[in-house]
Amino acid sequence: VPALIIQGCDALVSPAEVRRGVDIVIEGNRIAAVEPTGRGELPSGSDVVAGCGLLAMPGMVNAHTHSPENCLRGTGEGLALDVWLTRMFGTAGAYSPDDHYVCALAGAVEMLLTGTTATLDHLWMTPPTVPAAEAVLRAYRDCGIRAAVAPLVADVDFTEALAAQHGLDVSGALFTDLAPPVPADEAEAQLEELLGRWHARDGRRLQVVAGPCGVQWCSDELLLRLADTARRHDTAVTMHLLETALQDEVCRLRFGASAVHGLDQLGLLSRRCSLAHSVWLDPDDIELVAERGAIVVHNPAANFRLGSGRAPIPDLLDAGARIALGADGSASSDNQIMWTQLKLAALVHNGDGDRWVSGAQALEMATAGGAAALGLGGELGRIEPGALADLALLDERGEGLMGVQEIPAGLALSETGRGVVHVVVDGELVVRDGRCTRVDEDALRTDIADQVTKRRAYQEAVPRPTLEAMDKIARLRSARDLGTRRRAQ
Ligand SMILES: [Zn+2]
């Protein structure tokens, strides 16, 4: 069997273990052997990549993002998430399937070039259609990244009920005003169609997963039908959870309990479920999330950018919860470079109760944790025989790793992604010598610049209805005094 061999590299085989001077033998889409260099016999006809001076590491998984935002970087600085959402959707405009294709490809290339080999795209679409989702799947197929696409759907917004308690009108500012609502039966039919055509194609390089927008934006029926569809197809479910204090209040009004308990009562809290943000979990929620094996996707950059708060990561780690790492959409974070997330995850929780998050723990989130969110737990995140062959190879003399003593800490705290030389996904070299092997990067840069231009008019003169909607949500936030609410620590 012709193989791909990385010869004579060093390897971070797991987040805390480095092996020096090894050959990594890849057959098909899996790692066949990791052995001291020169020890094994190289299969004839193999593609041999010189690994001397390179560090191999498991490819990172960006477990939460929104690809349409790749042409909306730097949107709405200085706004809280609840208000920012209104601003972002109010100025993004409509996306054709071709627009979606370009934005998804741009994010995928940014990820691949910086050593991220897989992504979970919680895909909002304006309007939400099957052709739009298929354009995104095509973009991921074309560049070779491993990807799960979760079509984002919402059918109600329970924020209206909380506003009504204060006699406030939030019409025009509800999620269902910002993006077209999708009724439960339609959402289920669209998901079924995409699953039938795309799920688990290409050796599970592409997946389709269920993507209810979030607890406060979905009816019980929508949540239940999507979860049921996911169960029938043995795929994952992903959603936003408790990003802000306002969402916490809305969910408590809806369920008479926390959002986490509400989800559990509906039977959604399970090992197939990933929960983006989870900033406003209380101690009971943390125990329950850990017990059910649901995966929390930590998005530190977006949470700080939008003033949402700091997710209780040390408490979740203490409880034994599974944690992944995400960039979130580029309109809030403002790139798809996972090194930023690694560094923040390894910094922002430190000293809390004299607890620390190590570089190795952050790497575990970015690799094995993300694999779990993709339903590929145990198959990704280690460089070992039998694992899927998703790897990044970094220059040990590059500005990130040059001078580093302890590799896991150095990766999390010093590397920026500029040291990435080669990237392997599913056994295929998709980045060679710092260039994507399958994508015309110059043409893509022109296409994404066109997307930016296309949406600039809205960004420069925010439409009046959007400004009014932002003001309505801001008033609801101040009625609840949410600007000053802090999670008890
Ligand atoms: Zn998100």
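The buried residues of helix α9 pack against α1 (81-92), α4 (159-165), α8 (220-232), β11, α10 (259-265) and α19 (464-479), where contact means heavy atoms within 4.5 Å. Helices here (H or I, at least four residues) and strands (E, at least two) are DSSP runs, numbered from the N terminus. This is a predicted model, with local features needing pLDDT of at least 70 and side-chain atom pairs counting only at pLDDT 80 or more, while totals for chains, interfaces and linings use all residues. Residues are numbered from 1 along each chain as its sequence is written, and side-chain values use heavy atoms, with hydrogens and water left out.

Back to α9, which spans residues 245-255 and is mostly covered, with nine of its eleven residues buried. Buried means under 20% relative accessible area, exposed over 50%, and partly exposed in between (1.4 Å probe, protein chains only). Among the buried ones are A245, L246, Q247, D248, E249 and R254. Just after the helix, G256 takes a positive phi of about 65 degrees.

Now for the metal. The zinc ion has H64 (NE2), H66 (NE2), H240 (NE2) and D328 (OD) as its protein donors, at 2.1 to 2.7 Å. Donors are N, O and S atoms within 2.8 Å of the metal (3.2 Å for Na, K and Ca), and water is not among the atoms, so sites may look incomplete. Along the chain, the donor spacing reads H-x1-H-x173-H-x87-D. H240 sits in strand β11 (residues 237-241) and D328 in the loop between β14 (322-325) and α14 (330-333), so this pair links distant parts of the chain, 88 residues apart. Both H240 and D328 are buried. The angles among the four donor atoms run from 83 to 178 degrees, and the site is irregular. For reference, four donors count as tetrahedral if all angles lie between 85 and 135 degrees; four count as square planar and six as octahedral if opposite donors are over 155 degrees apart and all others between 65 and 115; anything else is irregular.

Two helix pairs are worth a look. Helix α15 (residues 338-347) packs on helix α16 (residues 359-373) at about 140 degrees, with the axes 8 Å apart. That makes α15 oblique to α16. M338, L342, A345 and A346 of α15 meet A362, L363 and A366 of α16. α1 and helix α18 (residues 441-460) pack at about 130 degrees, again with axes 8 Å apart, which makes α1 oblique to α18. Here R87, G90, T91 and A92 of α1 meet R455, Y458 and Q459 of α18. Axes are lines fitted to C-alpha atoms, for helices over the stretch in contact, and angles run from 0 to 180 degrees between N-to-C directions. Angles under 35 degrees count as roughly parallel, over 145 as roughly antiparallel, 65 to 115 as roughly perpendicular and the rest as oblique.

Some backbone details are listed below.

| Residue or bond | Value | Place |
|---|---|---|
| T126 to P127, cis | omega near 5 degrees | P127: loop between β7 (116-123) and α3 (130-143) |
| S333 to D334, cis | omega about -10 degrees | D334: loop between α14 and α15 |
| S278 | phi near 50 degrees | loop between β12 (273-277) and α11 (283-292) |
| D426 | phi near 55 degrees | loop between β16 and β17 (428-432) |

S278 counts as buried at 0% relative accessibility, and D426 is buried too, with a relative accessible area of 10%.
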